[in-house]
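Me: I am new to this structure and would like to understand why its parts are described as they are. Could we go through the reasoning step by step?

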Amino acid sequence: MKTKNMISIWFFVGCLLALYGALILAAGLQTYSNRRSANIAMQNLHLQGWWGTGLLVIGLFYVIRFRPRRLR
Amino acid sequence: MTSIFSAMLARTWAPTSLIAAASRVMSLGGIDLTIITLYFFLVLGLGLYLKKFTSTGEDFFMAGREMTAWIAGLSFISANLGSLEMMGYAAATYQYGILVGHAYWIGAIPAILFLALVMLPFYYICQTHSVPGYLQLRYGEATRSLSAISFAIMTILMSGINMYAMAVIMKVILGWNIHFSIWVSSLTVAFYVMAGGLLSAIFNEVLQFMLIWLGALVIPVAGLIETGGWAGMVRRISENFPGQDFTHMWRTLGSFTGNPMGVHWTGIVFGWGLAISFGYWTTDFLVVQRVMAAKDLRSAEMGTIIGGLFKMLVPLIVILPGLLALAVLPFKLVPETMANVPGVHTYNEALPLMLARYCGPGLLGLGVTALIAGFMSGMAGNVSAFATVWTYDIYKPLIRKQASDQHYLSMGRWCSLLGVVVSIGTAYLVMNFSSIIVYAQVVFVFFIVPMFGTVVLGMMWKRTTPAAGFWGLLAGILASFVLWLCVKLDPSALRLVAFSSHAKDMAENVYRAWWSLLANVVVTIVVTLFTKPKPEEELKGLVYGLTTLPSLGQLPIFKRPIFWAGAVAIAFVLLNVLFW
């Protein structure tokens, strides 16, 4: 198996997490700005905002760290 | 989910009764559906991308044996962490309390460390493709065929049963159409396993591992903040359920009647910790295949230990949500038998209810994606293990001995598709005959347990004969089945099988596993004493004492598997003491 040219699985993981983070963060901001009740417990924690930010940061770290590089 | 532990939940888990549940637990918005859709696109894209890297049988069935320790380890644990296991264990925790956590500690860690340090070197040195493959080298064709055929049938059967159960859950918690869930999820799995084989399954399992953790960790974080930490949670449980102990692992195991499971510590240690755990973790090819794909022996051992470390942490996202449900839900969950009562929620809904409690738009989509990912990783595990065992242990030795590598590769690809199609058929069969679930899971559970006796005696005792391997395995399978049948026909036999008429289903299972292993070991030893062993020359590389184990060279201590195995073992002991 020629795995030298293979993009690392961690790059794909990073892409997905970054996308998810951005979406969840946006959903959290929207809920917050509209002052809508999401009908959940512990709303004061703003979990969507924190979780979305966390996923975005982790995702971007993996994307940058494991980005595909051209073979020399 | 093909986990033996999940299978033990067979009787507490009753998908058909879930259909009757009146209310939908949660509903998804546009952003949640976007998150789920993105996941499906990525999984399909990965399968397509990895197809070009699998051009030989070794690539397809063993991922080229090039996986790093981390990837092998995460895949090893992800193949075991199905969504039904997550939901089933959260439900069982609501019912039995923290006792269920034994599945993750004594019911896993000693066996995983034993696999890493003692058994893996033999699997690795003989370069076999599967566990039945090892049995062929050690005992001969008859034992291999018995184990391979049983494994193949049970894998597919379980895959279908779990597919159906998952579709029912999606219907109950999200209102999705059962046929839609079955076809979309299984065809996705078929596509990526068929394209990239084990490599594709492993890559997706790593992705799924991340999603499962990041999606499910919301509940313990929010729950512990809500209850004011562990002490606050325990206090609330005591207020909600006065007089019952749900939060101690060992303290209540001195008698059969002192705990909600109706089990004694002997059952937990010998039945769960020895028979079931060692059977599953060291001989079930579904999980062992993942670490056999590692690039070298050290990576295989380290991967297994990494898997063990994460296994030890899984209670955070499975057991803790069950305990938090006991503490914070304003209503009490009921057994499956009461699912028809309007307005009630059953034990099995514990995890979805907690997701719905804390997760707003977006996070809910992530949580549901984690459940779907768990289901798909379990199914991909089944399908890839089935393809390997079918091709190398049934098709090649019994149907077509001489063929090109490309022929077997092609067989593996089509076999993955066939595995999914048969699983879908099984799912529809189960839909019409739900009692099949109980029978299939019982047979599945107790096929794996005697395998441990057969494999470990073969590895550790050079005198064990080929005839003894076959008859010991058969005796173990039959013993467990006969005991199960006895209790089924005459419930009073429970007092003899599980030492107590108070034993619940789980307690009965752990004792039956113990008897099964005992029957296997006794028959193997007795038959060995009266039959002719193999010559020692034929046992080199297969048996302890006749095999030179490869040296790891001059590695510093912190790079050695034994060091990390010791660290995991110490953490395991500390956790048990902490939650005594």
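Me: What makes residues of chain A and chain B part of the contact, and how many does each chain give?
Reply: The model is a predicted one, and in it residues count as being in contact when heavy atoms lie within 4.5 Å. By that cut-off the contact takes 27 residues from chain A and 40 residues from chain B. The area buried between the two chains is about 3,100 Å², and carbon and sulfur atoms give 83% of that area. Both α1 (9–34) and α2 (47–65) of chain A supply at least two residues each to the side of chain A that touches chain B, and α1(A) gives the most to that side, with eleven residues.

Me: How many salt bridges and how many polar contacts does the rule find across the interface of chain A and chain B?
Reply: The rule finds zero salt bridges across this interface, whereas it finds six residue pairs in polar contact, both residues of each pair being at pLDDT 80 or more.

Me: What can be said about chain A taken by itself?
Reply: Chain A has two helices and zero strands, and of its 72 residues 38% count as buried. The accessible surface of chain A comes to about 4,800 Å², of which 59% belongs to carbon and sulfur atoms. Among the contacts in chain A with a separation of 6 or more, 79% are between residues 24 or more positions apart.

Me: Why is H46(A) called partly exposed, and where is it found?
Reply: H46(A) is found in the loop between α1 and α2 of chain A. Its relative accessibility is 40%, and the class "partly exposed" covers values between 20% and 50%, so H46(A) counts as partly exposed. H46(A) also has a positive phi of about 50 degrees, although it is not a glycine.

Me: How do you know that D393(B) and R144(B) meet in a salt bridge?
Reply: A salt bridge needs a side-chain nitrogen of Lys or Arg within 4 Å of a carboxyl oxygen of Asp or Glu, and the side chains of D393(B) and R144(B) meet at 2.4 Å, N to O, so the pair satisfies the rule. The pair links distant parts of the chain, with D393(B) in helix α18 (residues 363–399) of chain B and R144(B) in helix α9 (residues 141–174) of chain B, 249 residues apart. Both D393(B) and R144(B) are buried.

Me: What makes R357(B) and E226(B) a salt bridge, and are the two residues buried or exposed?
Reply: The distance from N to O is 2.6 Å, and the cut-off is 4 Å, so R357(B) and E226(B) count as a salt bridge. This pair too links distant parts of the chain: R357(B) is in helix α17 (residues 350–358) of chain B and E226(B) in helix α11 (residues 218–227) of chain B, 131 residues apart. Both R357(B) and E226(B) are buried.

Me: Why is the salt bridge of E536(B) and K462(B) said to tie together parts of the chain?
Reply: The side chains of E536(B) and K462(B) meet at 3.0 Å, N to O. E536(B) lies in the loop between α23 (505–530) and α24 of chain B, and K462(B) in the loop between α20 (435–460) and α21 (466–489) of chain B, so the pair ties together parts that are 74 residues apart in sequence. With a relative accessibility of 37%, E536(B) counts as partly exposed, and K462(B), at 38%, also counts as partly exposed.

Me: Which residues do salt bridges that share partners join into one network?
Reply: They join E141(B), R144(B) and D393(B) into one network. Over all chains the count comes to six salt bridges.

Me: Why is N576(B) called buried?
Reply: Buried means under 20% relative accessible area, and N576(B) has 7%, so N576(B) is buried. Its place is in helix α24 (residues 561–578) of chain B. Leaving aside its neighbours within four places in sequence, N576(B) is in contact with W105(B), M249(B) and W250(B).

Me: What makes helix α14 of chain B mostly covered?
Reply: Eight of the eight residues of helix α14 (residues 285–292) are buried, among them F285(B), Q289(B) and R290(B).

Note on methods
Residues numbered from 1 in each chain as written. Chains lettered and ligands numbered in written order. Predicted model: local features only at pLDDT ≥ 70, side-chain atom pairs only at ≥ 80, totals over all residues. Heavy atoms only, no water. Helix = DSSP H or I, 4+ residues; strand = E, 2+ residues; numbered from the N terminus. Buried < 20%, exposed > 50% of the residue type's maximum accessible area, 1.4 Å probe, protein only. Areas by Shrake-Rupley, 256 points an atom, 1.4 Å probe, with all protein chains shown as cover. Buried area = accessible area lost by both parts, 1.4 Å probe. Polar contact = N/O pair within 3.5 Å; in protein donor to acceptor, adjacent residues only side chain to side chain.
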